[in-house]
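Thank you for passing this entry along for comment. My remarks are set out as numbered points, and I would ask that they be read beside the coordinates.

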Amino acid sequence: MIVTVSDVMRRVRNHFVTGFSDGQWVLSGGILSPAAFSPGDWIAITQAGALCGVYQLDERGMLPDCADGQWDGRIWLLSPPADFLRLCREIAQWAAKHEDPTLVSERFGQYSRSQSSPAWERVFAAALAPYTRMYTEVTL
């Protein structure tokens, strides 16, 4: 299982928002315009259909793995602390080594299925607690 920074942010309902910018956006060839962000910045794109998500701009200030698109909406500027990003890397490494047994039980007569939360959420619950918010400020 691949666990991303976005997955962990969504789990703790905290995107570490420092601001936002509303406007008409164009993403072409990995270049987001109008250019309002710096290389290495973390952003959350909302109201953009398939482009919605959390991204980190590369060293050239680009989003090279994103499809081209055009939309009107909000882009949130995020500033996750270094210790949170370190914890995200630790979670991703742990999840890559461990199978995720989220299926607790399954029956076939009048089909029934029950699941628990993903294993990484249980294993890292205490470490994630200081970052957890009651409500999210970014809806993806």
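The points below go from the overall chain to the sheet and then to the cysteines.

1. The model is a predicted one, and the remarks that follow should be read with that in mind. Its protein chain contains four helices and seven strands, and, read from the N terminus, these elements follow one another in the order α-β-β-β-β-β-α-β-β-α-α.

2. As to overall dimensions, the C-alpha atoms of the protein chain occupy a box of roughly 55 × 35 × 30 Å when it is taken along the principal axes. The protein chain exposes about 8400 Å², of which carbon and sulfur atoms supply 52%, while buried residues account for 36% of its 140 residues. If one takes the contacts between residues at least 6 apart in sequence, 68% of them join residues that are at least 24 apart.

3. Which strands form the open sheet, and in what order? There are five of them, arranged as β2-β1-β5-β3-β4, and their pairing is antiparallel. The edges are taken by β2 (31-33) and β4 (53-56), each of which pairs on one side only, and from one strand to the next the twist averages 40°. As general background, strands of a sheet pair through backbone hydrogen bonds, and they may do so in either a parallel or an antiparallel manner.

4. Within that sheet, the pairing of strand β1 (residues 17-28) with strand β5 (residues 69-78) deserves its own remark, since ten bridges join these two antiparallel strands. One position that the reader may wish to locate in the view is Val17, which stands opposite Leu78 in β5.

5. How many disulfides does the structure hold? The number is zero, and the cysteine distances can be set against the cut-off, given that a disulfide requires a pair of cysteine sulfur atoms within 2.5 Å. For Cys66, the closest cysteine sulfur is that of Cys52, and it lies 11 Å away, so the separation is too far for a bond. Cys88 is likewise in no disulfide, the nearest cysteine sulfur being that of Cys66, at 18 Å.

6. Are these two cysteines, Cys66 and Cys88, buried or exposed? Cys66 has a relative accessible area of 12% and is therefore buried, the cut-off for that class being under 20%. Cys88 also counts as buried, because its relative accessible area is 4%.

How values were computed. Residues are numbered from 1 along each chain as its sequence is written. This is a predicted model: local features need pLDDT of at least 70, side-chain atom pairs count only at pLDDT 80 or more; totals for chains, interfaces and linings use all residues. Side-chain values use heavy atoms; hydrogens and water are left out. Buried means under 20% relative accessible area, exposed over 50%, partly exposed in between (1.4 Å probe, protein chains only). Axes are lines fitted to C-alpha atoms, for helices over the stretch in contact, and angles run from 0 to 180 degrees between N-to-C directions. Contact means heavy atoms within 4.5 Å. Accessible areas come from the Shrake-Rupley method with a 1.4 Å probe; for residues, only the protein chains shown count as cover.
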